[in-house]
Amino acid sequence: MFFTAVVFATVVPITLGLLLVRRGQRRIGCLLVAHGLSVGLLLGGSEFTSTTTAALVADQLLAGGWVFLFLWLVLIAYVLPDGRPLSRRWLLWVRVGLAGAALLLVGAAGDRSTFRQEHDGLAPPVAWLSPAVSAVLGTVGLLLVVLLFFGSAVAVRSRLKASAGETRLQLLWLVWGALAVPLGLLLLWANHFLLSDIPWITAAAFTGVSTALPATITIAILRYRLFDIQLVLSRTLTYGVLVVGVVALYALLLLAVARVGGNDTLGGLLTVAVVAVAVHPAYAWLGWRVERWVYGYRSQPHQALRLLADRADAAASDTFGTPVTDAVTDAIAEALRADRAWVDTRPGDADDRVVRTPLVHRGESFGYLAVAVPHGRELSSADLALLRDLARYAAVLVRSERQGQALRESRSRIVAGREEERRRLRRDLHDGVGPALAAVVLKLNAAQSRADVDARAALLAEAREEVKDAIAEVRRLVDDLSPDPPMSLVVIA
């Protein structure tokens, strides 16, 4: 039965890898083929024992070959969906991890004690490094391989945070397939510790784990819109965590009651009662958490409104930070788990991926709240209802910010106009009235110094005319300052 599972786990990745190579995904396809070949050679070859020199050499050199059972799938996690790492730093990280795999192979090949235990005391056929050097290399290599393994989860998470649309759906397929690894391990542990290693359970768990990731990787590249992966992922997480929690709770309670009371029947009844009472609240709490992670706040509108208010308050209190409109649209996109949201002044072209809701404040429509829906997802009635509620509050905030901005611009124009008027008045007084009055003073001084009555009278007449001209200039300046008719200036001759 185990050999059949190995054959199945070998054929499926190779077939899917060749399909991807044919469709143009050479790197990921080749990694899948390498995974299938590794499973077939390492696990299939372990079913056959031989004491020939060639077999012993292969066993020694491939003592650390178990790393290839998952190494290729880990590398796919770093390069999905476009076949390239997320950045140069991640590429360097992958290269360091591959170097660690090579060190692990070298160190494991020099582990003489393990080789003798597995081969009835036979010495390794190939002369190798000293045991101390091999142990150091193997330890360093194992550490780097472990870091490479867990780093793949961080890389997928970083790519998910920076992705949207089709790329995000493809990565969610990978995440869904990766859930088979912990679930398979839990099944194997339960089979070993509780069920005494039933063969068909072991074979089924191994087959599921070995084929789930290759299958979901292939779907992520070729048919990522096969169905709503977000819905499937949320349901899988909810029921998977719930089943594991219920089984663990049942086992712990049963063990505790048996040790305290020693009555298996009574302990079983109490355990079933406690689990039955706890299942529904746990399902409701867990389902809400998972749904919010996948879909947003559609099941809790008040939380979405609180998120919107908090973001708007934070943006309003930060004078040089994010504008309130941007903070509001970011909060709406997060609440609906949409790609992005923005305020549009026009209805826009017809687009199935963009949902527009009018922004209305006091009966006046001044734009649209546009939300870009991810590929492969449609907004449900609950999502649309939440969007309409958020749009009502967003309209108030956006309108308030626009009016505040218009008020600030109007005030700036008023201040600028006043400063310009002051400069113009200063220029007119300095260049017009000032020199005219200075000329009047000079003529009056000249008239005072003349002894001839006629000459003095002529200078005074000229001064009087220049004073009249200065008064007319002042009247013109007053007319320019105010739209109201100026008060007449009385000239005392």
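Student: Which residues does Ser152 touch, leaving out residues up to four places away in sequence?
Tutor: Happy to start there, and please keep in mind that this is a predicted model. Ser152 is found in helix H7. With residues up to four places away in sequence not counted, the residues Ser152 touches are Val74, Ala77 and Tyr78.

Student: Is Ser152 buried or exposed?
Tutor: The relative accessible area of Ser152 is 10%. Buried means under 20% on this scale. Ser152 is therefore classed as buried.

Student: Nice. What share of the chain is buried, and how many residues are there?
Tutor: Let me give the surface alongside it. The chain exposes about 29,200 Å², with 63% of that supplied by carbon and sulfur atoms. As for the interior, the chain has 493 residues, and the buried share is 34%.

Student: How many helices and strands does the chain have?
Tutor: Helix H7, where Ser152 is found, is one of the helices. The full tally for the chain is 16 helices and 3 strands.

Student: At what angle do the axes of H4 and H5 cross, and is the pair parallel or antiparallel?
Tutor: The axes of these helices come within 11 Å and cross at roughly 175°. Angles over 145 degrees count as roughly antiparallel. H4 and H5 are therefore roughly antiparallel to each other.

Student: Which residues make the contact between H4 and H5?
Tutor: On the H5 side, the contact is made by Trp90, Trp93, Val94, Leu98, Ala101 and Leu105. Tyr78 of H4, which Ser152 of helix H7 also touches, takes part in this contact too. The H4 residues in the contact are Phe68, Leu71, Leu75 and Tyr78.

Student: And how are H8 and H10 arranged, parallel or antiparallel?
Tutor: Helix H8 covers residues 166-178 and helix H10 covers residues 199-222, and their axes lie 8 Å apart. The contact includes Trp173 and Trp176 of H8, along with Ile217 and Ile221 of H10. The packing angle is about 170°, so the helices are roughly antiparallel.

Student: Let's turn to charges. Which residue of helix H7 forms a salt bridge with Asp82?
Tutor: Side chains of opposite charge can pair when their charged atoms come close. Asp82 sits in the loop between helix H4 (68-79) and helix H5 (88-109), so its bridge to helix H7 (residues 131-162) ties together parts that are 77 residues apart in sequence. The closest N and O atoms are 3.8 Å apart, and the partner is Arg159.

Student: Is Arg159 buried or exposed?
Tutor: Its bridge partner Asp82 is partly exposed, with a relative accessible area of 36%. Arg159 itself has 8% relative accessibility, and the cut-off for buried is under 20%. Arg159 therefore counts as buried.

Student: What about Arg424 and Glu421, how far apart are they in helix H15?
Tutor: Their side chains meet in a salt bridge at 2.3 Å, N to O. Arg424 counts as buried at 17% relative accessibility, while Glu421 counts as partly exposed at 27%. Both lie in helix H15 (residues 381-449), where about one helical turn separates them, a spacing of 3 residues.

Student: Which residues do salt bridges with shared partners join into one network?
Tutor: We have already met the bridge between Arg159 and Asp82. Asp82 also meets Arg84 in a salt bridge, at 3.6 Å from N to O, and Arg84 is partly exposed at 49% relative accessible area. The network therefore joins residues through shared partners, namely Asp82, Arg84 and Arg159.

Student: Now the sheet. Which strands stand at its edges?
Tutor: This is an open sheet of 3 strands, antiparallel in pairing and ordered E1-E3-E2. Each edge strand has a single partner strand, so one side of each is left without a neighbour in the sheet. The edge strands are E1 (340-344) and E2 (354-361).

Student: Which residue is the bridge partner of Ala341 in E3?
Tutor: E1 and strand E3 (residues 364-372) pair in the antiparallel sense over 5 bridges. For Ala341, the bridge partner in E3 is Val371.

Student: Last one! Which helix packs on the sheet and touches E1, E2 and E3?
Tutor: Helix H14 (residues 324-336) packs on the sheet and touches E1 and E3, its direction making about 135° with that of E1. The helix you are asking about has a direction at about 50° to that of E2. The helix touching E1, E2 and E3 is H15.

Technical notes
Residues numbered from 1 in each chain as written. Predicted model: local features only at pLDDT ≥ 70, side-chain atom pairs only at ≥ 80, totals over all residues. Heavy atoms only, no water. Salt bridge = Lys/Arg side-chain N within 4 Å of Asp/Glu carboxyl O. Buried < 20%, exposed > 50% of the residue type's maximum accessible area, 1.4 Å probe, protein only. Helix = DSSP H or I, 4+ residues; strand = E, 2+ residues; numbered from the N terminus. Areas by Shrake-Rupley, 256 points an atom, 1.4 Å probe, with all protein chains shown as cover. Pairing = 2+ DSSP bridges. Contact = heavy atoms within 4.5 Å. Axes fitted to C-alpha atoms, helices over the stretch in contact; angles between N-to-C directions. Parallel < 35°, antiparallel > 145°, perpendicular 65-115°, else oblique.
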